[in-house]
Amino acid sequence: MKLDNKFWTKYFHVYDTLNSVIPYQEMMRDVYNTLNVHWDNEKLKILDAGAGTGNFSTTLKKKHNVDITAIDSHPEALKLIKQKSKGINIVNADLEKKLEFKDNEFDVIVCLN
């Protein structure tokens with residue numbers, strides 16, 4: 001069942017409350033710790049696929065000077081990413097369709113939840 005636009009608009013307005021939930025914090029920390037990358041590489045390019053409101057993207061951007069592209073298919077989620085963090089490339093894209101990126105364009109691809 002595909003959820004409608006009204007659901008996602010409402011959902012994204014409360015989604016960031018997850019940042020205060022310990023299991024969510026632990027999940028983000030665990031994903032971060034499993035990334036096998038050299039953070040001192042300022043040319044590191046990361047794709048956050050299905051970024052939602054950008055919780056993981058903004059966390060990475062605050063910790064490291066890396067090039068992050070966050071994609072999501074919902075305009076409300078992308079609007080919230082823009083409000084949270086400058087310097088993140090934001091792309092409106094549907095993960096169920098072919099993405100318009102070159103092969104090997106990213107060093108790391110993450111997708112949470």
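# A tour from helix α1 inwards

Start by selecting Thr9, Phe12 and His13 in α1, then add Glu76, Ala77 and Leu80 in α4: these two groups meet each other. Sort the residues of this contact by type and you get 3 nonpolar, 2 polar and 1 charged. Keep in mind as you click around that this is a predicted model.

Now show both helices whole. How far apart are the axes of α1 and α4, and at what angle do the helices pack? Helix α1 covers residues 5-14, and its axis runs 8 Å from that of α4, at an angle of about 25 degrees. Angles under 35 degrees count as roughly parallel, and α1 and α4 are therefore roughly parallel to each other.

**Stop 2: the buried side of α4**

Stay on α4 and pick out Glu76, Ala77, Leu78, Leu80 and Ile81, the buried residues of this helix. What do they pack against? Turn on α1, β2 and β3 (88-92), and you have the partners of these buried residues.

**Stop 3: Thr53**

Next, select Thr53, in the loop between β1 (45-49) and α3. Is Thr53 buried or exposed? With a relative accessible area of 0%, Thr53 is buried. Show side chains here and look for Asp16: its side chain makes a polar contact with the side chain of Thr53, at 2.5 Å. Leaving aside neighbours within four places in sequence, Thr53 is also in contact with Phe12, Tyr15, Ala77, Leu80, Ile81 and Lys84. Some of these should look familiar from the opening stop, where Phe12 was on the α1 side and Ala77 and Leu80 were on the α4 side.

**Stop 4: the largest core**

Time to go inside. In soluble globular proteins, nonpolar side chains tend to be buried together. Here the largest nonpolar core has 24 residues, and Trp39, Ile46 and Phe56 are the ones with the most contacts inside it. To see where the core comes from, colour α2 (22-34), α3 (55-63), β2 (67-72), α4 (75-84) and β4 (108-110), each of which supplies at least two of its residues. Which of them gives the most? That would be α4, with 4 residues.

Zoom in on Phe56. Ignoring neighbours within four places in sequence, its contacts are Met28, Val31, Tyr32, Leu35, Asp48, Val110 and Leu112. Apart from this core lies another one, of 5 residues; select Leu47, Ala49, Ala93 and Phe106, which are among them.

**Stop 5: Val31, a long-range link**

Go back to Val31, one of the contacts of Phe56. Val31 lies in helix α2 and is partly exposed, with a relative accessible area of 23%. Now measure from its C-alpha to that of Val110: the two residues are 79 places apart in sequence but 8.4 Å apart in space. Beyond four places in sequence, Val31 is in contact with Phe56 and Leu112.

**Stop 6: Thr69 in strand β2**

Move on to Thr69, which sits in strand β2. Thr69 is buried, with a relative accessible area of 7%. Which side chain does the side chain of Thr69 make a polar contact with? Look for Asn89, at 3.4 Å. Once neighbours within four places in sequence are set aside, the contacts of Thr69 also include Ile46, Leu47, Asp48, Val91, Phe101 and Phe106.

**Stop 7: along the loop between β3 and β4**

Finish with three residues of one loop. Begin at Leu99, placed between β3 and β4 and partly exposed at 23% relative accessibility. Leu99 and Ile71 are 28 residues apart in sequence, with their C-alpha atoms 9.8 Å apart. Besides Ile71, Leu99 is in contact with Ala93 and Asp94, again leaving out neighbours within four places.

Phe101 comes next in this loop between β3 and β4. Phe101 is partly exposed, with a relative accessible area of 22%. Show what Phe101 touches more than four places away in sequence: Leu47, Thr69, Ile71, Val91 and Phe106.

The last selection is Asn104, also placed in the loop between β3 and β4. Is Asn104 buried or exposed? At 76% relative accessibility, Asn104 counts as exposed. Check its backbone too: Asn104 has a positive phi of about 60 degrees although it is not a glycine.

How values were computed: Residues are numbered from 1 along each chain as its sequence is written. This is a predicted model: local features need pLDDT of at least 70, side-chain atom pairs count only at pLDDT 80 or more; totals for chains, interfaces and linings use all residues. Side-chain values use heavy atoms; hydrogens and water are left out. A nonpolar core is a set of buried Ala, Val, Leu, Ile, Met, Phe, Trp, Tyr and Cys residues joined through side-chain atoms within 4.5 Å. Buried means under 20% relative accessible area, exposed over 50%, partly exposed in between (1.4 Å probe, protein chains only). Contact means heavy atoms within 4.5 Å. Axes are lines fitted to C-alpha atoms, for helices over the stretch in contact, and angles run from 0 to 180 degrees between N-to-C directions. Angles under 35 degrees count as roughly parallel, over 145 as roughly antiparallel, 65 to 115 as roughly perpendicular and the rest as oblique. Ala, Val, Leu, Ile, Met, Phe, Trp, Tyr, Cys and Pro count as nonpolar, Asp, Glu, Lys and Arg as charged, and the others, Gly among them, as polar. A polar contact is a pair of N or O atoms within 3.5 Å; within protein, one must be able to donate a hydrogen and the other to accept it, and residues adjacent in sequence count only if both atoms are side-chain atoms.
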